[in-house]
Amino acid sequence: MSEVSSVLLAAGRSSRMGRENKLLSPVEGEPMVRRLSERILAAGVRELVVVLGFESEIVGAALPTSARSVRNPDFEEGMGRSLAVGVAALATDAEGILIALADLPWLRAASVRRLLEAFEARPSWASIAGLRHGERRGHPVIFEAAHRPYLEACRGDEGARSLVRERASEVLWVESEDDGVWRDIDRPQDWSWDSGGPP
């Protein structure tokens with residue numbers, strides 16, 4: 001078991017999906033948010049906190065029992081606020097904080113496990129580790145505990161991207177064999193075979 005705690009951001013309104021809440025979309029027979037939660041847990045994180053907001057009751061009901069949830073009442077302020085709420089709910093002695101997005105249905109547990117292993121064996125210069133496939137950077141991303149105050153202070157839609165930019169020389173990019181690290185679902189057409197097919 002890793003000493004890395006994890007936050008899964010699942011508070012958004014899915015406005016570009018129309019009336020559908022994409023986090024409840026079935027993927028191989030289970031809601032997408034449950035699938036992502038189970039894969040992160042299967043990778044070996046210490047704990048998983050799922051941040052809820054829009055339709056929190058029904059999204060929360062779809063989660064596995066081994067995940068813990070927290071609601072962000074201000075989720076419409078943007079992803080940054082949800083990130084801060086999730087990080088604040090984690091165990092205070094975690095060595096690393098893994099941030100994941102709930103709309104990546106093709107993300108594999110093996111990719112998350114590879115990231116965890118790389119973070120635990122990271123060189124001394126690296127305080128952040130992230131996944132990429134080819135030339136495209138993706139998710140999840142792990143931050144050393146020293147970055148926790150910054151993460152807890154996030155607001156708006158920026159999330160942790162600004163921290164990754166500011167500490168670019170401290171980021172260890174870990175190659176993933178699958179493009180599930182960046183293939184997200186934002187619009188109904190993203191499920192089509194033209195975008196790579198269903199998971």
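Start by selecting E177: with 64% relative accessibility, this residue counts as exposed. Keep in mind that you're looking at a predicted model.

Now add R114, which makes a salt bridge with E177, with 3.3 Å between the closest N and O atoms. R114 sits in helix α4 and E177 in the segment after β9, so this pair ties together parts 63 residues apart in sequence. R114 itself is partly exposed, at 33% relative accessibility.

While you're there, select the whole of α4, residues 109-120. The helix has twelve residues and spans 17 Å from first C-alpha to last, close to the expected 16 Å. Colour A109, S111, V112, L115, L116, A118 and F119: these are buried. What do they pack against? Show β1 (4-10), α1 (32-43), β6 (96-101), β7 (128-133), β8 (136-144) and β9 (171-175), and you have the partners.

Next stop: R46 and D93, whose side chains meet in a salt bridge at 2.7 Å, N to O. R46 is in the loop between α1 and β4, D93 in the loop between α3 and β6, and 47 residues separate them. R46 is partly exposed at 29%, while D93 is exposed at 51%. Add E3 to the selection, and you have a network joined by salt bridges that share partners.

Last, pick R68 and E47, another salt bridge, at 2.9 Å from N to O. Here strand β5 supplies R68 and strand β4 supplies E47, 21 residues apart. Is E47 buried or exposed? Buried, with a relative accessible area of 16%; R68 is partly exposed at 39%.

If you want to keep hunting, the count of salt bridges comes to 13.

Definitions and conventions. Residues numbered from 1 in each chain as written. Predicted model: local features only at pLDDT ≥ 70, side-chain atom pairs only at ≥ 80, totals over all residues. Heavy atoms only, no water. Helix = DSSP H or I, 4+ residues; strand = E, 2+ residues; numbered from the N terminus. Expected span 1.5 Å × (residues − 1). Buried < 20%, exposed > 50% of the residue type's maximum accessible area, 1.4 Å probe, protein only. Contact = heavy atoms within 4.5 Å. Salt bridge = Lys/Arg side-chain N within 4 Å of Asp/Glu carboxyl O.
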